[in-house]
Amino acid sequence: MDLGEKYTMKTMGQLISYTQDENTFTLQYEKEQLIIKVIREDIINFFIPLRFKEHYSKAVEEDKSVPCKVTAGMKEGEFLLETKSLKVRAGSDLALTVSGSDNRVLMHTHGAGRKSGAVVSEETRKILEAEGHDASKMDTGDYPVQLVLGLDEGDDFYGLGDKSGFLNKKYYEYENWNSDIPQAHNEDYHALYKSVPVLFCKKKQAVYGLFFDNTFHSYLNLGKESTDYFYYGADDGNLDVYFMGGENLKDLVSAYTYLTGRTPLPQRWTLGYQQSRWSYESADEVMDVAEHFRSLDIPCDAIHLDIDYMDGYRVFTWNNEEYGQPGELTAQLKEKGFKTVTIIDPGTKVDDSYFMCREGEKNHYFATDPEGKTYVNEVWPGDANYPDFGRKEVRDWWGSHHKFLVDAGVDGIWNDMNEPASFRGELPADVVFHDEDRKTSHAEMHNVYGHYMSRATFEGLQKLTDKRPFVITRAAYAGTQKYSTVWTGDNQSLWSHLQMMVPQLCNLGMSGFAFAGTDIGGFGADTTPELLTRWIEAACFSPLFRNHSCKGTRRQEPWQFGDEVVSIYRKYVKLRYRFLPYLYDLFYQGEKTGLPVMRPLVLHYEEDRETYNMNGEFLVGENLLVAPVLEQGSDKKMVYLPRGTWYDFWTGEKISGGQYILRDAPIDVCPIYVKAGTILPMYEEMSYVGEKPLTTLKLLCTPGEAHYEHFQDDGETYAYRNGAYNLYAFDRDADGKLKTTMLHENYPKYEKIIMEELVK
Ligand code: GLC
């Protein structure tokens, strides 16, 4: 690919004229075109075709535009456009303003551009590099693709996927470049494993969202360089920005997931507890772990097999020596009610006697160097090739090989190392990859490598089974939520990483990833009984619920830490299982609304400034508030309860919101609160999903009028999409009388629905 001359946004020049084709407006500037497309009255795409004439979006898979009324025209050298809810003004040199229908300015370009001296000069960079600093990605000036926007007093930022640090992203800078980071992630890391360039800006009295749909390496500096502006910059590609308007942050999340897709309803068991380690090194060891869970009465649904179950780390093979014949271990696990999830990495071992290597080579399925020679780098199996997942035929090939694992009784696939990771330095920018049939480079496809790998896995599993695929991926791009759940990669057994769990999962949720989790207990380093205990409490409501740890670290199953840990661990895992119908309902609703399971308080209380930087609490759905203890040695928690009336989940105590309270939180207590007027559906205790038929539903209620809709289906297949489900509406009046209405009935109903009062 000819990378050609660099572009810069400074070359727009005067606005000359515009043309209209339905709701697409092409503005002709002296040097470039700006194409404004109204997608919906609340979503507008701004597109400057710098590198490509096309969008080539990997996140927005189809034309999402719908007919809507738009008026447009030129006035005094400016282009003006209006939908029912948004007003756009575009002038010379890309002076852009978007306002709401009430004329309140939402987004506006910062006319002065970036201040000089804010960047590192080439000379300084060389000195820093000579001193051994990694200055390769240091900011050396304006970007070829750049948008500098005004920062107003009171602006706060959320979203951006898995970025490290805190909930509110204001004053920090980030990069979008999927990175395998084995070191301890802290707020100084600009990029982790995922690139989800969606930003939600909460202004003093308004909100807007921006989705920067460009997969090349990009930056977001959110007021770190200057308190007057924030900017987006990309090394290449187009300026392709979706502006999203709305009444509140929920509308923005909904609009963003309308564009990029929503997390599909998962199988019910995937919401159960899962146990992993790199690695359980033999079938016997796996069975020993499984037996411990059952004998200690700690519910568990799945065990994960890390890379050692393979033969020499060759994907789609089985290590017969340690793990028996394919199918044996999974059958033994199944007998005890466990599902099996196996890891699959992209790096395919270079080995002429290995079928994946031969097939990939013969069919040209691997990435090549610019001369056409198959590219080799190193990962777990040693020398390895990189499947070119951007091509459909490669995805189909890869997907079809999952037959081996499905036939062996495997129930879910865990995709790892797909940033892609490489032990002999990063893949050069010019390694040849494809975006479907279009030949392009690593520079463009790096950030979507994991995206396309998990798509291949998802589609492969969809063809091979009638179940809803369960895929977990480490690397992702905007839109990967349609294909896969995610975990936050290699965290460590550090209190700061337990603390980061809350903002990280909340921001992932707002960024479309409703199904996300951390390695409970921490992956790297040694956990302590206290840290593991607080982690299981905090993670009890995190959508993906898996304990995982690294080779060489202290074993991390709960029984490694004595009776007290076992008993508290059991209490929270059991609690999780009682809440399964609630979590499942949130996923069902999320498929329609895009709203996540785990939510920052600001999503529901954005008028309340106490919530803007709330890193230590979160909501599950709307009416359940979790305030875990996240500090070593602490047995108290300062809890903020937003407006309204709340009830302590453990004691039933009534507490008025809009205040901080100090809650005693000894080691076995994770403070949880339920809002007045809430109905929470719950199941009886169980050791795993499918242990017993789910014939009884309990409704845990707090005082006050309440309405709740509950979804029930087979929990596994797509039959619900053809109507095989029940939808119950529960209405409770102020006296506590319950009325049940069937909104949809096409599945065996519960035998018993029991109402229980939280306040006894
Ligand atoms: C990576 C993964 C980790 C896994 C290990 C071995 O570090 O992030 O979860 O256990 O590789 O496969």
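Is Met638 buried or exposed? With a relative accessibility of 54%, Met638 counts as exposed, because the cut-off for that class is over 50%. Please keep in mind as we go that this is a predicted model. Met638 sits in strand S37, which covers residues 636-641. On the surface, Met638 joins Tyr660 and Leu662 in a nonpolar patch, and the three together offer about 340 Å² of accessible area.

Let's turn from the surface to the cysteines. How many disulfides does a search of the whole structure find? The result is zero. Two residues help to show why, given that a disulfide needs a pair of cysteine sulfur atoms within 2.5 Å. For Cys540, the closest cysteine sulfur belongs to Cys670 and is 7.2 Å away, which is too far for a bond. For Cys701, the closest cysteine sulfur is the one in Cys540, at 20 Å, so a bond is ruled out there too. Cys540 is buried, with a relative accessible area of 0%, and Cys701 is likewise buried at 0%.

Next, follow the chain into a sheet. Eight strands make up an open, antiparallel sheet, and their order is S1-S2-S3-S4-S18-S15-S14-S11. At its edges are strand S1 (15-21) and strand S11 (156-159), each of which pairs on one side only. From one strand to the next, the twist averages 20°. Within this sheet you can zoom in on one pair: strand S14 (residues 198-202) and strand S15 (residues 207-212) run antiparallel and are linked by five bridges. Lys202 has Val207 of S15 as its bridge partner.

The backbone also deserves a look. Most residues other than glycine have a negative phi, and most peptide bonds are trans. Where does this model depart from that pattern? One cis peptide bond joins Trp278 and Ser279, with omega about -10°; Ser279 belongs to the loop between strand S19 (274-275) and helix H3 (283-295). The bond from Glu419 to Pro420 is also cis, with omega near -5°, and Pro420 is in the loop between strand S25 (412-415) and strand S26 (432-435).

Positive phi values turn up in loops as well. Asp93 has a phi near 55° and lies between strand S7 (86-91) and strand S8 (95-100). His364, which is not a glycine either, has a positive phi of about 55°. The loop that holds His364 runs between helix H6 (355-362) and strand S23 (377-379). At 60% relative accessibility, His364 counts as exposed.

Conventions
Residues are numbered from 1 along each chain as its sequence is written. This is a predicted model: local features need pLDDT of at least 70, side-chain atom pairs count only at pLDDT 80 or more; totals for chains, interfaces and linings use all residues. Side-chain values use heavy atoms; hydrogens and water are left out. Patches are made of residues with over 30% relative accessible area and no salt bridge: like charges are joined within 9 Å, nonpolar side chains (Val, Leu, Ile, Met, Phe, Trp, Tyr) within 5 Å. Accessible areas come from the Shrake-Rupley method with a 1.4 Å probe; for residues, only the protein chains shown count as cover. A salt bridge is a side-chain nitrogen of Lys or Arg within 4 Å of a carboxyl oxygen of Asp or Glu. Helices (H or I, at least four residues) and strands (E, at least two) are DSSP runs, numbered from the N terminus. Buried means under 20% relative accessible area, exposed over 50%, partly exposed in between (1.4 Å probe, protein chains only). Two strands pair if DSSP finds at least two bridges between them. Axes are lines fitted to C-alpha atoms, for helices over the stretch in contact, and angles run from 0 to 180 degrees between N-to-C directions.
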